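Visitor: I have a model open and I'd like to learn how to read it. Could you walk me through it, one feature at a time?

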Amino acid sequence: MSNPMNAIQVESLRKNFGRQEILRGVNLDVPAGSIFGFLGLNGAGKTTLIRMLLGLLRPDAGRCVVDGIDSATKALELRRRVGYMAENQTMYGWMRVGQLIEWVSRFYPSWDSTLAETLRQQMRLDAAQKVGALSKGQTSHLALLLALAHRPNIVILDDPTLGLDPIARRDLLRDVISQLQDRGATVFFSSHLLYEIEPICDRIAILHEGQIIKCAPVDELRETVKRIVLKPTEGARVPEIPGLLDFQAQDGQWSLTVEHAEEARRALTPISRGEVLVTGLNLDEIFEAHVIGRREVSRG
Amino acid sequence: MSAVWNWCNLVRKEWRESREVIIAGIVAFWICPTMLELFCLALNGGHDTFPIGWWALIAGGWLYAIIAGANMVCRDWGRAEEHFLLAQPVSPRAVVWAKLVVGAVLVVGLIAIVTAWEIALTRRGVFAGDSEINWQSPIPLVCVMAVSYMLAFTAAVMSRQMLASTVVACLVMLIWMVAPLLSSAMTRFGVLIFWSGARGSWIGEWLIILSVCVVIICATTSLLYATRERVIRLGNKQLAWTVGLIVLALFSVAMTEVGSSLQVRDQAELFETSKFDLGSVRTVQRGDRFFVTCYDYSHEPGWVMATFRVTDNGRIEGLRRFLVPGILPRDPVHGELLRDEITGLAINENGQLVVTGIRLHVVRDQRGNLWIRGPGEFENLWRATLSWPEGGRLEVASRAELALPTNEHLRYVASEFGSNIGSLRYGYLTASVSEGGLPNKLYVFDWQDGPNPSPRLEIPLPQDTSSVRVWGGKLRIRIQSTNPRNQDREATFDFDQPETLLDKRNRSFHSPTYNLQDVEFFRPGGYYVQVAERGELAYVSDLLGLRVARHAGRGHWEIVGETRAAPLAMLFRLVPQPKILDDSLLVESTERGIIAYDVLDPSKPKRVGFFNAIVPRWPGGNPVLATKRHLVVCEYNMITILDRPTNAKAESQ
Amino acid sequence: MADVFRALLRKEWHEQRWRFFLGLIVFSGLVAGMLRAQLVPSNEAAVLLYGPVGLVFVIFLAAGPVAAERADRTWEFLMAQPVSRAEVLRAKWTMGVMQLAVTMLVGAVAGLLAIWSRGFRIMPKVPGSSTEFSAESAAWLVTHPALSLCAFAAVGTIALVCWFTSLFLLLARARNGFAAALGGVLLTIALLLWLPQLGSGNKALLVVAALNPLSPLFLLSSWRAVFLPALLLIHIVLWVVLPLRYVGRRRIEKWIGA
């Protein structure tokens, strides 16, 4: 049953390519109006999931409901209502900018030509220039224009800043935010540049080995995931700590990344020789701990 | 409505993207050929040309269609643009439909432009010969190009690879073109057969039906495959191995169809010079001993005779040669040179060689070339008996010349060019009232009447007899028709039974056919019919194969057995002349060689071998003879001994 | 220097050996099949095999090496190594020529075995044909099937190597396999269209046509034997030696591109 509060709802999604399991039962809810960050390592299956959201791939099991539409059965209707910008989007190089905009506009009943023209001028794209002659940054802006000009309620961006220089990346994200935030549109933003996602996203989900291992608001993550550093007493053993993400022991010092910092601190204080230090983490470190954290405990 | 609108949008894009392909097609098949045609028209003395564009389209249109079909898909599918295109609210099937329709319009449009142009030129009468293009002409072309396009298109949808789809489509087209050569059942579907001249026949309908089926199947497959996520990836290596092995397999099947050549056991050059008259070769056999004679053109023209034995192993043994001078001293009456022409060679009951011939007048021109005069300009007919004992010299045992009637304008009766005067026992001469006039009398001489035989029979010929000659193993008397609308009529006789000429009841004049049975045995596609008779059986060869017929009374024949030539072998099959060598072996001589058949069972004649012998088209002199184990083939100056195919080694068909 | 060349050759062998084995099997199969069936006389079969079929094999060998590297993008990696473009091309050319020559040789051996299995058949001297020419001509070659096959194989191999060299250098510009194959086919068709001038009565056209690398194959049975070695030498210089010497020059590097 789809929840009208969710712009995107994914239930038990599975996908195999031959013998390789890409997605192993993914469950995901993206609230309407949020800016949702979607993280994962290279090859985790992010693009596969996004293509299934758009109805470009059929799932082996499970379903995706986007804007109340089942992507497996009404893919065309869905794509009319969703703005999509792929990673490394390659468009028809022989078309001119103006021609491409005009051609794409015909596929979308809700296309707003005024908005498209405004965006084109803002992005400083020459209508007479051939698409193949555009720089990487200009190409990304053009792809964003095509994704936004038909005023979608949901915009899916798959690694939109891939290959752009820092200034171009900043400009693109600023354009995305400025266009969409005010309208209350939902943005589904996939990237592995965490420092970009952190300032703009409300919620994030982490895809790892075909499953969502974490889905929570960014603030909540920052609040709950902490690093605890202590010097343990001689012969001390690491107690059972729920939510242990990462454990490092070096030079007689333990460094633990945990999800429930207060509980962990209480459990560790008795075996600490000195003070138990609790520090905050950025999204990068949180992501790293979730994805590649060492959870086996060894005697340091 | 919006689906249609989207589809039109897609068509617009495809059309724009196809611009280069369209321009390439128009330039290659219309503009450049047109320029060449105009060039020819201007430079050619006869102010005519031929439809270059049309022939360019026939020769290369299928390849153009294949490349267009593959390009239509692979220019964006299988590349990064595919993701952009499919991310739009369009279904993959709509994209495929748009590409299909644009490509079809492109291909048909190109054919229409070229056809219209060539028809316009045809109507102006600028094409030489019988090059005529009309609105029915492009039908097979449309079929072939549509099939080529669809094959490449479907392969491209399934693989998304330009090279792979082009190669696969070319391979399928190659198999289609070659299939009729491998199996006669495939002939009706053949492409090339349609263009060979059978227009308007049932063969064309099958081509259209097959093409429509292929187009429908390919279109359906493309639409079904469009939505599949996984494509068939063909790497260059797999592709190349597939093509190579298929080509090898097709070739092997083709070679199996035509069978292998007969094994050569031995060869020998008979004569030392190299200037021979192939038509004058005569061979005869006495057990395992063979005698060969032919006319030598070298500076000492004459008749060379050779003899040899063939051993059980197929080796040539005891080869001996003898030169019979060909040019005799000047004719005392006319002052011209004389030449003895050998027209027949046989072995008599005493084991002696019997040679028949004509003594002709020849003229030497200023360059030293010798020219034979016409059938009326002969000296005499002669016959000689030669003995050539083992280890001994060739000796003339006896010689006879005709005692010619005087004060008559005489011509000898022979086949064209005097290469065969038919009988070894009887000589025939015609007499006419005036020189060069129509013959009114036929003289028959019997060589057994002594060294100077006088005419044994004097037979008046019917009025309006235009010619008496030897053809197709018969003596033929032809009467010309007084009404120019009617055909001449002809009666045939056995030249070894001259007494049959006396009874007028034997003279049944009818329209001339070179063999009576030709009319009965003619079939479409068979073209030239040649017959060899043995007892009550007739062996009928034509371009389609060999048939065996039995005489069913009153001049009618029923076919009792047949073997068809393999389609590939038919390409190499020229006018075959059948000859029965013995109870089980029949050999057809063609300009491309000989074909051997096992005819022991008349209901099941079997092709058992072939050999690329160089034998004359109308062999009057037995170029192929047989022993129990071998075939002896006389090719110009070379004797070749071949293994005789046994019944157990019968090959395909 | 020699080490680098050997290393390049080894790499080429490893990458291209499948072309060699495929060509060897198919070509030898065709030669043996055609000469055993004896559907056409041996010398005609030899012209067909070392002509059109050989040309297909040349296109197959010439269109592969550079275009495949470009399509796989390993060309950039190779150019980034301390090795010149000229050296890379020479190594690829050397491997191609070796594969071509060995295939033609093995094909000839297969053909000889096929002819032997049918019994060696000498062709008769036919009045009015090339076999009637005097002993000074090479025509006597066509009468003996084994000698005929060896002669056509040798002349054909040289002719094909000449065309392979030029085609290989021209197609080095192609960016992918399809473009290279198409280019190879079109250039070979243009080459074949150049050939019929051999039958022209005009001496100037005949000389121009004789410069076609394939011309010795078609002239073998009709020309005087003494001219053929000279013609072959001219072709080797014109179509092999000069282009290879040109390979290191800047113009050809510009042609081949990055």
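**Reading the model, piece by piece**

Guide: Let's begin with domains. This is a predicted model, and for chain A the domain assignment gives domain 1 (6-218) and domain 2 (225-292).

Visitor: How many residues does each domain of chain A bring to the contact between them?

Guide: Domain 1 of chain A puts in 11 residues and domain 2 of chain A puts in 6. Taken over C-alpha atoms, the centres of these two domains of chain A are 37 Å apart.

Visitor: Which elements of domain 1 of chain A supply the side that touches domain 2 of chain A?

Guide: Helix H7 (194-200), strand E9 (203-208) and strand E10 (211-217) of chain A each supply at least two residues of that side. H7(A) gives the most, with 4 residues. Sorted by class, this side of domain 1 of chain A has 8 nonpolar, 1 polar and 2 charged residues.

Visitor: On to chain B, then. What does its secondary structure come to?

Guide: Chain B has 12 helices and 29 strands. Of its 653 residues, 41% are buried. Take the contacts in chain B with a separation of 6 or more: 53% of them join residues 24 or more positions apart.

Visitor: How do I check a helix length, say for H5 of chain B?

Guide: Compare the expected span with the end-to-end distance. At 1.5 Å a residue, the 33 residues of H5 (92-124) of chain B should span 48 Å, and the end C-alpha atoms are 48 Å apart, so the two agree. For the way side chains point, recall that an α-helix has 3.6 residues a turn, so residues three or four places apart point the same way. Just after H5(B) comes B:Gly125, with a positive phi near 75°.

Visitor: Now the interfaces. How many residues of chain B are in contact with chain A?

Guide: One general remark before the count: the size of an interface is often given as the accessible area lost when the parts come together. Here we count residues instead. The contact pairs 16 residues of chain B with 18 residues of chain A. On the chain B side, helix H1 (2-17) and helix H4 (80-87) each supply at least two residues, and H4(B) gives the most, with 6. That side of chain B divides into 7 nonpolar, 6 polar and 3 charged residues.

Visitor: And how many residues of chain C are in contact with chain B?

Guide: There, 26 residues of chain C meet 31 residues of chain B. Helix H1 (2-37) and helix H7 (177-194) of chain C each supply at least two residues of the chain C side. H1(C) gives the most, with 9 residues. By class, the chain C side has 16 nonpolar, 5 polar and 5 charged residues.

Visitor: Last topic: cores. Which residues touch the most other members of the largest nonpolar core?

Guide: The general idea is that in soluble globular proteins, nonpolar side chains tend to be buried together. In this model, the largest nonpolar core has 127 residues, and B:Phe153, C:Val58, C:Phe152, C:Phe164 and C:Leu171 touch the most other members. Helix H6 (145-171) of chain C gives the most to this core, with 16 residues.

Visitor: Why does this core lie between domain 1 and domain 2 of chain B?

Guide: Because domain 1 (2-254) and domain 2 (513-653) of chain B both give residues to it. To see one member up close, pick C:Val58: leaving out residues up to four places away in sequence, C:Val58 touches C:Leu100, C:Leu160, C:Trp163, C:Phe164 and C:Leu167. There is also a second, separate core of 85 residues, which includes A:Leu53, A:Ala143, A:Ile154 and A:Ile156.

Note on methods:
Residues numbered from 1 in each chain as written. Chains lettered and ligands numbered in written order. Predicted model: local features only at pLDDT ≥ 70, side-chain atom pairs only at ≥ 80, totals over all residues. Buried ≥ 20, exposed ≤ 12 C-beta atoms within 10 Å, placed from the backbone. Contact = placed C-beta atoms within 7 Å. Expected span 1.5 Å × (residues − 1). Domains from an automatic or database assignment. Nonpolar A, V, L, I, M, F, W, Y, C, P; charged D, E, K, R; others polar. Core = buried A, V, L, I, M, F, W, Y, C linked by C-beta atoms within 7 Å.
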